[in-house]
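Biologist: I would like to learn how to read cysteines and strands in a model, going slowly from the general idea to the case at hand. Could we work through one together?

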Amino acid sequence: MSRLAKRITESSPKNYGMFSKAMAMAGTRDLIHLELGQPVHDTPTHIKEAVVDALHAGHVHYSDLRGNAELRTALASKLQRENAIDVTPDQVLVTNGLTQASFAALFATINPGDEVILLEPFYPQHIGKIELAGGVVVRAPLDRANGYSINPDMIAPHITPRTRAIILVNPCNPTGRVYSREELSALADLAIRHDLLVISDEVYEQILFDDASHTSIASLPGMAERTITLFAFTKAYAMDGWRLGYACGPTDLMAGLLTVTSNEVTHVNTFIQYGALAAVTGDKGPLQGMLAEDRRRRDQVVHALNQCPGVTCPLPQGAIYAFPDISGTGRRAQDIADALLEREGVVVEAGSFYGPAGEGHLRVCFGAESADRLTTALERMRHFFNTLAS
């Protein structure tokens, strides 16, 4: 007889997609990993040095359950200045990455049987958290015909009396779309009309290209009181292994999140929070340099993919992913991803991993490998698609 709780046995197993398949081949051939959203950059030096200084200064003991007060003050200032979200430091919670922030937000707000809407193509790692909290995942498609934009007429039919929340990822993983203020206003109108929460994942907020502009949905009229916004240092600052993020929202909801996190981990590692403080308050030059490199790699990947027969690839507005349409090959996305791994040693994710709305696409992370490795991967992909077409 299983002694595991039903929340474990009856929830979806966490799926790492093509990464799991690639790991089974590790050591047997040269694999180029374009499936993981892992920055290739090193964490900027001034951020590392701030942690070393904190260690030497003796910041090695318990600290505030919500996060270091100086860090939360800096984050509240940043949120007001850059996101137009008016919060106090007491409305900010420092977390172990955006993953824990998402977990806490869902556990604090979702009751068993509540429905949570994911906009598809979706970030699949939110699914397990919804189910562990006892919620029911409901998928509402984005508008594929209009570049996977937010179309409220496609979302509204999925709202029922049991709907509790909508999860938004902006900029979007996997499509690279940065939603306009008009799109977000339409989503906000739905949330207000149906009295829904919005849990907004904004981990890619600082990775924007060309003229793209990021808007936090919590800054829109009527949304501050119903939005929990999630951030992390993971992508823009190349701090994925540091596991540092933060959440903000209305006071009553943030008290609920704190109940979850303080019971789960007490608080985030004390001394690494000084690295986060250095990231927020320090030199932005390294961030801009990393963004410029990402932009060059984005342009390189999109140009190369558009030279492949059966492939069309728009320029992503943000994040570190291209989302090429490979439907012109006549093959299923998963078949293409599997064949690229087997034949060429290039690991990309099938668009269908992000829900049926992603079928006919691949997700290619241009931020995960060095420029030389990326060039090699694109040569292999070009060879693959040319062979497929011949």
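Modeller: What follows is a conversation about cysteines and then about a strand in this structure, which is a predicted model.

Biologist: How many disulfides does the structure hold?

Modeller: As a general idea, a disulfide is a covalent bond between the sulfur atoms of two cysteines. In this model there are zero disulfides.

Biologist: Why is there no bond for cysteine 172 or for cysteine 365?

Modeller: A disulfide needs two cysteine sulfur atoms within 2.5 Å. For cysteine 172 the closest cysteine sulfur belongs to cysteine 365 and lies 14 Å away, which is too far for a bond. For cysteine 365 the closest cysteine sulfur is that of cysteine 313, and because the distance is 13 Å, it is again too far.

Biologist: Are cysteine 172 and cysteine 365 buried or exposed?

Modeller: Cysteine 172 is buried, at 2% relative accessible area, and cysteine 365 is buried as well, with a relative accessibility of 0%.

Biologist: Which way do the residues of strand β12 point?

Modeller: In a regular strand the side chains alternate between the two faces of the sheet. In strand β12, residues 362-365, Leu362 and Val364 point one way while Arg363 and Cys365 point the other way, and all are buried.

Biologist: Which strands pair with β12?

Modeller: Strand β9, residues 321-322, pairs with β12 in the antiparallel sense over two bridges, and alanine 322 stands opposite valine 364 of β12. Strand β11, residues 349-350, also runs antiparallel to β12 and is joined to β12 by two bridges, with alanine 350 standing opposite leucine 362.

Notes: Residues are numbered from 1 along each chain as its sequence is written. This is a predicted model: local features need pLDDT of at least 70, side-chain atom pairs count only at pLDDT 80 or more; totals for chains, interfaces and linings use all residues. Side-chain values use heavy atoms; hydrogens and water are left out. Buried means under 20% relative accessible area, exposed over 50%, partly exposed in between (1.4 Å probe, protein chains only). Helices (H or I, at least four residues) and strands (E, at least two) are DSSP runs, numbered from the N terminus. Two strands pair if DSSP finds at least two bridges between them.
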